[in-house]
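These are my notebook entries on a structure that I had not examined before. I record what I looked up, in the order in which I looked it up.

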Amino acid sequence: QACPDAAVLAIPVLGQSGVADEDSLHRALSLLLLRHLDAVANNDADAVLDVVSLSMGYYHEQPADAMSDTLFWPVLQAMGEAGIAVVASAGNDATTMPLFPAGWAGQVSGLAHDAVPLVSVGALNPNGTVAFFSNAGPWVSTHRPGAAVVSTVPTTFNAAGQPSARVNAAGEDRETIDADDFSSGFGLWSGTSFSAPTLAGEIANQLASAGGLSDVSSGAATQRCWDALAATLGWSRP
């Protein structure tokens, strides 16, 4: 909705439990980067990446968890240096503990003149206040709507939940609503996982509106992304 002209490439990395295997995620990100670099080398404007949106993350719950950083930090850094805007959700645990990769905002590629910085996104309530569940801290770059978000859902989605009550009255079957039956085609959700792609769509729309996408060089892409960040977040390129 934010950028109707965008071509969306969705890469499945989460299992049914909602957990992503580190190796699979690293492989997917690395292949996306290689796809982009190959497209740049072949001047293929239709295959380059403009924005990468990540609605996932992990915490450093013990010192050894920092080892995961060596997998993802270099790939995301390289994306920023290649002129790709990376947007990551800040997390839903009402904590100031950084959720990575969002916790690297301002660090991955920093605010370097020749790279695009990673942006972390928290959630807003419909009235514009910050959602209670949204993580907080100086590493959260900005906020976008992420509470009580209505969107389309495949009608085949029907999880294990059931109506809390069923009766037959006057020959009619009656029951309370099944909260995870989406046969209507619509769902109501909350989380920073929705805030990040909202900003990603805004950035993509700015890129599409500004034009000049035929120049796929890293320098041109970086400048375009900085211009889009200036329009959406008010950031100035150092």
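**Entry 1: Ser134.** I began with the side chain of Ser134, which reaches the backbone nitrogen of Ala123 at 3.0 Å. The model is a predicted one, and I read each distance below as a computed value. I placed Ser134 in the loop between strand E3 (119-124) and strand E4 (142-145). Is Ser134 buried or exposed? Its relative accessible area is 6%, and Ser134 counts as buried because that value is under 20%. I then listed its contacts, leaving aside neighbours within four places in sequence: Gly91, Ala94, Gly122, Ala123, His143 and Thr192.

**Entry 2: Glu22.** I turned next to Glu22, which has its place in helix H1. Glu22 has a relative accessible area of 38% and is therefore partly exposed. Which residues does Glu22 touch, if those up to four places away in sequence are not counted? I found Ser68, Leu71 and Phe72. With Ser68 there is also a polar contact between the two side chains, at 2.9 Å. I checked Glu22 against Val52 as well: the two are 30 residues apart in sequence, and their C-alpha atoms are 17 Å apart in space.

**Entry 3: the nonpolar cores.** I looked up Val52 again in the largest nonpolar core, which has 29 residues. Val52 is among those with the most contacts inside this core, together with Leu29, Leu54, Leu76, Met79 and Val86. Which elements give two or more residues to the core? I noted H1, strand E1 (51-54), helix H2 (69-81) and strand E2 (85-89). Of these, H1 gives the most, with five residues.

I followed Val86 further and set aside its neighbours within four places in sequence. Val86 is in contact with Val52, Leu54, Leu76 and Met79, and also with Pro117, Leu118 and Val119. I also recorded a second, separate core of 15 residues, which includes Ala196, Leu199, Ala228 and Leu233.

**Entry 4: a surface patch.** My last search concerned the surface. Leu31, Leu34 and Leu37 form a nonpolar patch there, and their accessible area together is about 290 Å². I located Leu37 in helix H1 (residues 22-41). Why does Leu37 count as partly exposed? Its relative accessibility is 41%, and this class applies because the value lies between the 20% limit for buried and the 50% limit for exposed.

Technical notes
Residues are numbered from 1 along each chain as its sequence is written. This is a predicted model: local features need pLDDT of at least 70, side-chain atom pairs count only at pLDDT 80 or more; totals for chains, interfaces and linings use all residues. Side-chain values use heavy atoms; hydrogens and water are left out. Patches are made of residues with over 30% relative accessible area and no salt bridge: like charges are joined within 9 Å, nonpolar side chains (Val, Leu, Ile, Met, Phe, Trp, Tyr) within 5 Å. Accessible areas come from the Shrake-Rupley method with a 1.4 Å probe; for residues, only the protein chains shown count as cover. A salt bridge is a side-chain nitrogen of Lys or Arg within 4 Å of a carboxyl oxygen of Asp or Glu. Helices (H or I, at least four residues) and strands (E, at least two) are DSSP runs, numbered from the N terminus. Buried means under 20% relative accessible area, exposed over 50%, partly exposed in between (1.4 Å probe, protein chains only). A nonpolar core is a set of buried Ala, Val, Leu, Ile, Met, Phe, Trp, Tyr and Cys residues joined through side-chain atoms within 4.5 Å. Contact means heavy atoms within 4.5 Å. A polar contact is a pair of N or O atoms within 3.5 Å; within protein, one must be able to donate a hydrogen and the other to accept it, and residues adjacent in sequence count only if both atoms are side-chain atoms.
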